[in-house]
Amino acid sequence: MFMENEKINNNIIEVQGLTKKFSDFVAVDNISFSVDEGEIFAFLGPNGAGKTTTIKILTTILQPTSGKIFINGSDPRTEQNDVRRAFGIVFQDPSLDDELTALENMEFHGVLYKVPKEMRQKRIEELLKYVELWDRRNELVKKFSGGMKRRLEVARGLIHHPKILFLDEPTLGLDPQTRNHIWNYIKGLNQTEKMTVFLTTHYMEEADKIAQRIAVIDHGKIVAMGTSAQLKEKTKTNSLEEAFLALTGNIMREEEANSTDRLRMMRRMRH
Amino acid sequence: MSTIYILWLRQLKRYFRSKSRIVGSLGQPLLFLLAFGFGFGQVYQKAGGGNYITFLAPGIVAMGIIFTALFSGIEIIWDRQFGFLKETLAAPVSRLKIMLGRTLGGATVASFQGLLVLLLAMAAGFRPQNIAFLPLALVFMLLISLLFTALGTAIASLLSDMQGFQLIMNFLIMPLVFLSGAFSPLDGLPKALTAITVVNPLSYGVDGLCHTLIGVSHFGLLTDFMVLSVVTVAILIVGSYLFSKIQI
Ligand SMILES: Nc1ncnc2c1ncn2[C@@H]1O[C@H](COP(=O)(O)OP(=O)(O)O)[C@@H](O)[C@H]1O
Ligand SMILES: [Mg+2]
């Protein structure tokens, strides 16, 4: 049965009944969704909803508690290498080497992802210029501001052109102008290379503008899924913001979210 | 190949950019050289024991190396805490290659550190018995470095906090050093201790260094070489398995 399904649709990401528990706490609660090849798909939800946890599982660095997952036809649990060859990722949490320069961080990534030398150098220069870090390429990353680091991380994630690009709140902390600029680049890749983009965000207008389909996620569950228009229609509202409110019974819970984040930090320190 | 190279290069860059690490890890061996070489050494010489520093130098070099080598495992924990580890974990490269790159990098640094200690010992009056054996001594320094870098890295793959790692290292290093023949001959030990020295891989490293630097050997060079190589490969394999199990 399932094999037939797989042949009929061309889902590059297929998730069925995915659950992740951290001891008793259910961070991702039985979610199912699929993403078409070439689609731009967004997870929209407040902090603590389970977006990052899902991305970590899809990208092989965290084991799920249960559920079926196929990334480009392979299982991240058992066929990690095939899965890793199919995607690129920009993590939400810091992931740069502070003791290396911007250029060295880029080089490291390019070599790790086996981008041929000439193409590597060309893309690194192009991307660093695009995010306006070319002039500072030989400075140690530890001297960079938060925004500069974020721009560098996004640029680094775009050196190799994977089939699927995971972006976990890529524009968090960037000013609107820079955010637009970066999204333009990513949309370009989506169009010219048919790159599938899976992004998470808690900026409404970003999800609205960029994603073709949106999954609204709250407390580990997908509460609704569809195009922005479909979500509005379903909730009989006029904006995605209102739709979100109607779906989750809440506006973005920033304060609450911050306290879960702190808890998470504390948990991390203890382990 | 390029994967291993870029990982190796990263370790080297990080090391040479951190002068405090270079100087800091020379402190301990330097202390031993001074304490033994000029303190006890005088007493020893007066008692007719010959030049004590000659017998100490290989052990101090070995000690300098295993300190740096084992502690280089902590870089995995740093990478985990500062977030960089994700970058290598999600990359489409085999875990064995990541382990090899890291181990080669850490081992290069540790060997370099060993070489510095050797030069310090020579400055303090140590003379290798036969200059022609020096390249072979370097080979053994590299082997010790590889083995203990791999071990430190494997242990660090299991842990996520630095205190835990430091604790384990402190419990591990002293027994490893003192039951390796680094500071006392292996002959004539009680049976129980002999058993420990035989399973302590550092014994073979120290023995190899003693052979090549001062011409004294307990196990024989070939045994030393074989044991160190086989144990290193085994640790690398176990280490890449442990590394592949890391979750963030
Ligand atoms: N390693 C962990 N251990 C325990 N709880 C965790 C861990 N990682 C995440 N969580 C918890 O899981 C929930 C979902 O987190 P996350 O996936 O980061 O949410 P989001 O990315 O949507 O903000 C949060 O409540 C968070 O505290
Ligand atoms: Mg998140």
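**Interface of chains A and B, and the setting of A:Thr59**

Across the interface of chain B and chain A of this predicted model, 11 residue pairs, both members at pLDDT 80 or more, are found in polar contact, defined as a pair of N or O atoms within 3.5 Å, of which, within protein, one must be able to donate a hydrogen and the other to accept it, residues adjacent in sequence counting only if both atoms are side-chain atoms. The elements that give two or more residues to the side of chain B that touches chain A are helix 1 (2-17) and helix 5 (85-89) of chain B, where helices (H or I, at least four residues) and strands (E, at least two) are DSSP runs numbered from the N terminus. Helix 1 of chain B gives the most to that side, with 8 residues. The residues of this side of chain B comprise 11 nonpolar (Ala, Val, Leu, Ile, Met, Phe, Trp, Tyr, Cys and Pro), 6 polar (the others, Gly among them) and 8 charged (Asp, Glu, Lys and Arg) residues.

The rule also finds 5 salt bridges across the interface of chain B and chain A, each a side-chain nitrogen of Lys or Arg within 4 Å of a carboxyl oxygen of Asp or Glu; the side chains of B:Arg14 and A:Asp97 meet in a salt bridge at 2.7 Å, N to O. In terms of contact (heavy atoms within 4.5 Å), 25 residues of chain B are matched with 32 residues of chain A. The area buried between the two chains, that is, the accessible area (1.4 Å probe) lost on putting them together, summed over both, is about 2,600 Å², of which carbon and sulfur atoms give 58%. In chain B, the most area is lost to chain A by B:Lys86, B:Glu87 and B:Pro92, together 24% of what that side buries.

Chain A contains 11 helices and 9 strands, and 53% of its 271 residues count as buried (under 20% relative accessible area, 1.4 Å probe, protein chains only). Within chain A, A:Thr59 lies in the loop between helix 2 (51-58) and strand 4 (66-71), and A:Thr59 counts as buried because its relative accessibility is 0%. Not counting residues up to four places away in sequence, A:Thr59 touches A:Phe87, A:Ile89 and A:Phe166, while its side chain reaches the backbone oxygen of A:Lys56 at 3.3 Å.

Residues are numbered from 1 along each chain as its sequence is written, and chains are lettered from A and ligands numbered from 1 in the order in which they are written. Local features need pLDDT of at least 70 and side-chain atom pairs count only at pLDDT 80 or more, whereas totals for chains, interfaces and linings use all residues; side-chain values use heavy atoms, with hydrogens and water left out.

Definitions and conventions: Buried < 20%, exposed > 50% of the residue type's maximum accessible area, 1.4 Å probe, protein only.
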